Amino acid sequence: MTTNEVLTVLAVFLGPITALWVQRELDKRRETRRRQQELFRTIWATRTFPQRLQYRHVEALNMVGIDFLKASSVTDAWAEYLDKLNSPDPQDEAQKPQFYKERDAKFHALIFAMSQSLRYKFTRLEVEKQFYSPQAHGTWAEQDTILRNGVVSLFKNESALPIRIITDEVIHSPEP
């Protein structure tokens with residue numbers, strides 16, 4: 001068998017196998033990118049407060065380490081943000097604004113790193129300030145918290161339901 005014939009036989013057998021391997025690798029990359037984009041879109045859509053408390057936001061944050069495993073800039077920013085999230089709030093009220101500002105900065109750094117990894121052309125300013133969050137959402141979140149705390153307080157017998165009796169005088173018209 002000549003070299004040419006050996007190469008022809010190898011090409012006949014290895015060509016389809018190589019093509020399948022390349023296709024699988026391309027499919028894996030496409031799926032990884034799709035998951036990363038989906039994750040980014042969820043975090044992007046829920047990046048304002050109080051939406052950051054939603055389960056889908058928290059779930060998305062918890063998946064960053066898996067879906068961006070090979071993007072070290074993202075996983076580094078993610079680790080720093082999680083560290084700040086898991087740090088207890090300062091007891092001193094005067095320190096709280098700075099603490100929350102630093103936590104927001106870590107969050108924005110994470111979103112920016114994700115956007116860069118996905119080759120989106122966002123600026124840091126767009127990440128930090130370009131969103132819409134109706135004031136009513138904050139009001140509703142505050143009211144929900146008050147309601148939940150009130151119901152919990154009732155069930156724990158830490159408070160009672162206030163009752164007020166109102167009487168209306170009933171005016172009877174004379175019967176004809």
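At 47% relative accessibility, E38 counts as partly exposed in this predicted model. The residue belongs to helix 1. A comparison across the chain places E38 and A60 22 residues apart in sequence, with their C-alpha atoms separated by 8.9 Å. A second residue of helix 1, R35, is likewise described as partly exposed, its relative accessible area being 30%. The partner considered for R35 is D67: the two are 32 residues apart in sequence, and their C-alpha atoms lie 6.7 Å apart in space.

V12 is also located in helix 1. With a relative accessibility of 55%, V12 counts as exposed, because the cut-off for that class is over 50%. The C-alpha atoms of V12 and R47 are separated by 53 Å, and the two residues are 35 positions apart along the chain.

The secondary structure of the whole protein consists of 6 helices and 0 strands. Read from the N terminus, the order of elements is therefore written α-α-α-α-α-α. Helix 1 covers residues 3–45, helix 2 residues 55–67, helix 3 residues 72–85 and helix 4 residues 96–117. Helix 5 runs over 124–129, and helix 6 over 135–155.

The overall dimensions were computed next. The C-alpha trace spans about 120 × 60 × 35 Å along its principal axes. The radius of gyration of the protein is 29 Å, whereas a compact globule of 176 residues would have a value near 16 Å. Of the 176 residues, 23% count as buried. The accessible surface amounts to about 14,100 Å², and carbon and sulfur atoms account for 58% of this area. Among contacts with a separation of 6 or more, 55% join residues that are 24 or more positions apart. The protein carries 24 positive and 23 negative charges, and the mean positions of the two sets are 9 Å apart.

The largest nonpolar core contains 21 residues, and those that touch the most other members are I43, V64, F68, V74, L110, I111 and M114. Two or more residues of this core come from each of helix 1, helix 2, helix 3 and helix 4. Helix 4 makes the largest contribution to the core, with 6 residues. The surroundings of V74 were examined further. When residues up to four places away in sequence are left out, V74 touches V64, F68, L110, A113, M114 and S117. Of these partners, V64, F68, L110 and M114 are, like V74, listed with the core residues that touch the most other members.

Backbone geometry was also considered. Most residues other than glycine have a negative phi. R119 has a positive phi, near 65°, and is not a glycine. R119 is placed in the loop between helix 4 and helix 5. The relative accessible area of R119 is 68%, so the residue is classed as exposed. A positive phi of about 60° is likewise found at N157, which is not a glycine either. N157 is placed in the segment after helix 6. With 69% relative accessibility, N157 also counts as exposed.

Key
Residues numbered from 1 in each chain as written. Predicted model: local features only at pLDDT ≥ 70, side-chain atom pairs only at ≥ 80, totals over all residues. Heavy atoms only, no water. Rg over C-alpha atoms; globule rule 2.2 N^0.38 Å. Buried < 20%, exposed > 50% of the residue type's maximum accessible area, 1.4 Å probe, protein only. Contact = heavy atoms within 4.5 Å. Areas by Shrake-Rupley, 256 points an atom, 1.4 Å probe, with all protein chains shown as cover. Lys, Arg positive; Asp, Glu negative; His and termini not counted. Charge placed at Lys NZ, Arg CZ, Asp CG, Glu CD. Core = buried A, V, L, I, M, F, W, Y, C linked by side-chain atoms within 4.5 Å.
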